[in-house]
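Biologist: Could you take me through one helix of this protein in close detail, and then show me how its surroundings fit together? I would enjoy a slow, connected tour.

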Amino acid sequence: MSGDDSIDEAVRAMGHPGRRAMLRLARDDERTASELADVAGLTRSAASPHLKVLRETGLMHVRVDAKRRLYRVDVERLAQVRAALNELWGDRLDALKSHAEANSGDVNHRDSRSA
């Protein structure tokens, strides 16, 4: 799989809201499959294929500890995906942020006048 294909697969994997919830929960600490299933609003058996996708795309690692499987986000892999997405935006995301920040006072002022 080429680098672009690999990134495409990871982005598709993050397209599911339950998977994104799992990634958020396991970003800073190891979590059990049950914890990840709960945060995603899934049963453990329904969460299993989602965890498999996250592992296969390299977004999450699993470590076996006795009878438990502990999952954690691969932050380096997530950084690769973020870098690829940032390349698509180029300077436009920064420009959009600057524009939004510059005009946020105008929006708040208009909202208070119409209230």
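Modeller: Happily! Let us take helix α4, where Ala47, His50, Leu51 and Leu54 are buried. Please keep in mind that this is a predicted model.

A simple check on the helix comes first. α4 has 13 residues, and at 1.5 Å a residue these should span 18 Å; the C-alpha atoms at its two ends are 18 Å apart, so expectation and model agree. Just after α4, glycine 58 has a positive phi of about 80°.

Now for the neighbours. α2 packs against α4 at an angle of about 70°, and their axes are 10 Å apart. The two helices are therefore roughly perpendicular to each other, and α2 passes α4 in a right-handed crossing. On the α2 side, the contact is made by Arg19, Met22 and Leu23, while α4 brings Ala47, His50, Leu51, Val53 and Leu54. Among these α4 residues are the buried Ala47, His50, Leu51 and Leu54.

α3 is another partner of α4. Here the packing angle is about 95°, with the axes 9 Å apart, so α3 is roughly perpendicular to α4. Ala33, Ser34, Leu36 and Ala37 of α3 meet Arg44, Ala47 and Leu51 of α4. Ala47 and Leu51 thus take part in the contact with α2 and also in the contact with α3.

From here we can step into the protein's interior. The largest nonpolar core has 19 residues, and those with the most contacts inside it are Met22, Leu23, Leu36, Leu51, Leu54, Leu59 and Met60. The elements that give two or more residues to this core are α1 (3-13), α2 (17-25), α3 (33-40), α4 (44-56) and β3 (68-73). The largest share, 4 residues, comes from α3. As a general point, nonpolar side chains in soluble globular proteins tend to be buried together.

Leucine 59 is a good place to see how this core is joined up. Leaving aside residues up to four places away in sequence, leucine 59 touches Ala10, Ala13, Met14, Leu23, Leu54, Arg72, Val73, Asp74, Arg77, Leu78 and Val81.

Alanine 26 shows another side of the interior. This residue sits in the loop between α2 and β1 (31-32), and alanine 26 counts as buried because its relative accessible area is 0%. Setting aside residues up to four places away in sequence, alanine 26 touches Arg31, Leu36, Met60, Tyr71, Arg72 and Val73. With one of these, arginine 72, alanine 26 has a C-alpha to C-alpha distance of 4.9 Å, although the two are 46 residues apart in sequence.

For contrast, look at glutamate 35, which lies in helix α3. Its relative accessibility is 32%, so glutamate 35 counts as partly exposed. Glutamate 35 and tyrosine 71 are 36 residues apart in sequence, with their C-alpha atoms 9.8 Å apart in space.

Finally, let us step back to the whole protein. There are 6 helices and 3 strands, and along the sequence they follow the pattern α-α-β-α-α-β-β-α-α. Buried residues make up 26% of the 115 residues. Of the contacts between residues at least 6 apart in sequence, 51% join residues at least 24 apart. The pair of alanine 26 and arginine 72, 46 residues apart in sequence, gives you one place to look at such a long-range neighbour.

Note on methods. Residues numbered from 1 in each chain as written. Heavy atoms only, no water. Core = buried A, V, L, I, M, F, W, Y, C linked by side-chain atoms within 4.5 Å. Buried < 20%, exposed > 50% of the residue type's maximum accessible area, 1.4 Å probe, protein only. Contact = heavy atoms within 4.5 Å. Expected span 1.5 Å × (residues − 1). Axes fitted to C-alpha atoms, helices over the stretch in contact; angles between N-to-C directions. Parallel < 35°, antiparallel > 145°, perpendicular 65-115°, else oblique. Left-handed = near helix turned anticlockwise from the far one by under 90°.
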